[in-house]
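Welcome! Please take a moment to look over the sequence and the 3D view before reading on.

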Amino acid sequence: MVLRRMATLDGLRLGSRAKIAAVAKGPLYQQLLAMGLTPGTEVEAVCRAPFGDPVLYAVRGYRLALRREEAATIVIEETDSQ
Amino acid sequence: MKASVARIRLHTLLAAMDKADRKLVTVALAGNPNVGKSTIFNILTGQKQRTGNWPGKTVAVSEGEARLGKSLLRVVDLPGIYNLAGDSPEEEIAREFLLKGKADVVVVVADAGNLERNLYFVLEVLGLTNRVVVGLNMMDAALARGFKIDAARLADLLGVPVVPLVAVRNQGVRRLAAVALAVAKGELQTKPCGDIARVSELQEKQGGEPHLLLAQVFYQRAKELAIAVRKPVKAQPKDFSAIVDAVVLNRFWAFPAMALLLAAVFALTMFGAAPLTELLENSFSAFGRGLKALLIALGAPLWLQGALVDGLVAGVGAVVSVMLPTMGIFFVLFALLEDSGLIPRLAFNLDRPLRAFGLQGKHVVTCMVGLGCNVPGVIACRIMKGKDRLIGILINTLVPCNGRLGVMLPVALLFFGEKGVWVLLGLLITSGLAMALAAFVLSRLIPGRVPGFILELPPYRRPMLVAIMRRTLCERVLGILVRAFLVTAPVVLAVWFCSHYPVGAPAGTITGRLGRILDPVGRWIGLDGTVLVALAYALPAKETVLGALAIASGLGYHPGADARVTSYLLTLWSPATALKFLLFYMLYSPCLCTVATIYRETRSLRYTLVAIILPLCLAFLFTFLVHCLELCLK
């Protein structure tokens, strides 16, 4: 059974993939959309910086670092099965 | 960059273009950051714009002329942006330029290894103009990562010409220019399939947020295009970038790796430059002696001899022989790091700890550049926006540049022997503390919220050493020589003058009088009035401080006099005094060139004054604390 949970991107475990469900209106809203973080896009959390923040994500074939607070504006549904 | 400044520059450019020969075909280079626009621009126009493997170095609009066969083209390099619809100064500039129709053809440079996002940008541009050519760059990197792109198919699907190229190897660039020229002249027709119409009809049908709709429709299309033209190549090669990142970004290895890197850059710069410095010093000495002999033979008056030889040649010589080798080596090393792609990794690793002080990851980069010279350090702050950028500009002078390090290291070695290196290290840590303090205070006082942070980590690339050396040497060496003659020389002459007139022993000269005025101030921090005067004299060009000290102490300045003044100081100063001098010297106000750059970048008199006064206060504070410590320990 595939469990789908709504969560935000900052909670995505390293190595897991998720699909973006929505992007909340934050200060970086337009930028995030323009970088390809649109609803329906697959994102993978690659690794964390030594102090835990920012986190490196793989999206649309490239790698992007986002801080916790900005990642928290992106709502995701995890696609990895339990 | 302040939006108003950017707009002024854009309007100046547009006005100039209006006045200029309208028969020149104008080609605009647009695209995401770090795709090779500046490389292409350099190849076409022969200019030497800065390039490097990470997003965000071109922030202004560059213009140049290119010759293609019999035609002359005007090429405009727009700043790299991810999104035409945004409100940052770079996005505004690019959008305005394209909207005003000043370009006869737009070449969108795309990174073949990053198709979806780059195609999104192509689609955005197609919404503004039909005359587009796509330059598909970095085809070699895409191949190395395991896929081929069918450029012809992409051209069919997009309806515009697509030219594959590898700009760093100068493959395909002329062809790109030829195709662009053909499109501009109307010889080649383009039938682009813009999706703007779809977006507006979708909006009418289902309403919804326009940005979101646009992004979704365009990215959907970009994805379809990418899937259609990208074919995996038989063997999937190892992901080199991931392997290196596993060390550089690793929780345990990141900091040792970065410390090692910094130490290596430092060591190579300081100790690698030493033989070259000696060579230059000897040459200048010889030249000075020859000039003196000539002047004596010609019967030139004593003051002229003094001014020219003791002042000018010795002063400029001392500066050039220290700064040229160190800055040459440092900036080549830094450009290697930039080109390879390591720089954004530094920003990534250090972002979180720096935020505790009101800084962010990219400040590491600007401070590193500042280690070479504060002027490019201040300019480098353009990679950040708003408050971050301003703070970066204001604290940059607290980083000791090569000019200062070239004075600090010998003095430290002289007074502390071998332990001098550790003293220098301690001083550098202190400058870090001063920066943290300054940033902490500034971030509380400067209005505005902290700007958002998105950082792309591009794949590693092999740096092009020869191109780097050529470009760096042209840029830096020329800059140093120009500065030596335009700033340092007049300053040294002026100092020499002030210390010899009006006649009346050291006490009667301007220098002597200033020294007496500053004595009471100096007593608070344990430094002599003469030293403070010398430091003030060194403000226009800090590397002249030893010469200024020599002249201010009445020693006269002879070629090779550094040894004389330092051995004189050895008799006069205690190690504690030397330490206080080094500390104050490291932290105080920015040099003249830096102040000019700060004003140019901020366009704010208020913040320029802050940039001058804040470091001065910190210098006094820290030196005062050390002085108190010294008194307590006695």
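The report below walks through one chain, the contact between two chains, some salt bridges, a helix and a pocket.

## Getting started with chain A

Keep in mind from the outset that this is a predicted model. A good place to begin is chain A, whose secondary structure comes to two helices and six strands. If you follow the sequence from start to end, these elements appear in the pattern β-β-α-β-β-β-α-β.

Chain A has 82 residues, and 50% of them count as buried. How do its contacts spread along the sequence? Among contacts in chain A between residues at least 6 apart in sequence, 59% join residues at least 24 apart.

## Where the two chains meet

Now look at the place where chain A touches chain B. Chain A brings 32 residues to this contact, and chain B brings 41 residues. The area buried between the two chains is about 3100 Å², with carbon and sulfur atoms giving 59% of that area. On the chain A side, Pro50(A), Arg60(A) and Arg67(A) lose the most area to chain B, and together they account for 22% of what that side buries.

## Salt bridges across the interface

How many salt bridges does the rule find across the interface of chain A and chain B? There are four. One to look for joins Glu69(A) to Arg355(B), where the closest N and O atoms are 2.9 Å apart. This pair runs from helix 13 of chain B, which holds Arg355(B), to helix 2 (residues 68-71) of chain A, which holds Glu69(A).

Are these two partners buried or exposed? Arg355(B) has a relative accessibility of 25%, so it counts as partly exposed. Glu69(A), at 41%, counts as partly exposed as well. The pair also belongs to a network of salt bridges that links Asp53(A), Glu69(A) and Arg355(B).

## Salt bridges within chain B

Over all chains, the structure holds 16 salt bridges. One of them is found between Lys580(B) and Glu630(B), with the closest N and O atoms 2.6 Å apart. This pair links distant parts of the chain: Lys580(B) sits in helix 25 (residues 575-587) and Glu630(B) in helix 27 (residues 605-633), 50 residues apart.

Lys580(B) is buried, with a relative accessible area of 2%. Glu630(B), at 17% relative accessibility, counts as buried too. Glu630(B) also forms a salt bridge with Lys634(B), where the closest N and O atoms are 3.7 Å apart. Lys634(B) counts as exposed, its relative accessibility being 75%.

## An enclosed helix

Next, find helix 23 (residues 545-552) of chain B. Why can this helix be called largely enclosed by the rest of the structure? Eight of its eight residues are buried, so the rest of the structure largely encloses it. Its buried residues include Val545(B) where the helix begins and Ala552(B) where it ends. Between these come Leu546(B), Gly547(B), Ala548(B), Leu549(B), Ala550(B) and Ile551(B), which are buried as well.

## The second largest pocket

Finally, turn to the second largest pocket, with a volume of about 1200 Å³. Its lining consists of 36 residues, and those nearest its centre are Leu262(B), Leu371(B), Leu428(B), Ile429(B) and Gly432(B). By kind, the lining residues divide into 33 nonpolar, three polar and no charged.

Which helices supply at least two residues of this lining? In chain B, helix 11 (254-298), helix 13 (343-355), helix 14 (362-372) and helix 18 (420-445) each do. Helix 18 provides the largest share, with 11 residues.

Notes
Residues numbered from 1 in each chain as written. Chains lettered and ligands numbered in written order. Predicted model: local features only at pLDDT ≥ 70, side-chain atom pairs only at ≥ 80, totals over all residues. Heavy atoms only, no water. Buried < 20%, exposed > 50% of the residue type's maximum accessible area, 1.4 Å probe, protein only. Helix = DSSP H or I, 4+ residues; strand = E, 2+ residues; numbered from the N terminus. 1 Å grid on protein atoms, 1.4 Å probe; cavity = no way out; pocket = protein on both sides within 12 Å on 5 of 7 lines; lining within 4 Å. Points joined across faces, edges and corners; volume = space filled by probe spheres on them. Nonpolar A, V, L, I, M, F, W, Y, C, P; charged D, E, K, R; others polar. Contact = heavy atoms within 4.5 Å. Buried area = accessible area lost by both parts, 1.4 Å probe. Salt bridge = Lys/Arg side-chain N within 4 Å of Asp/Glu carboxyl O.
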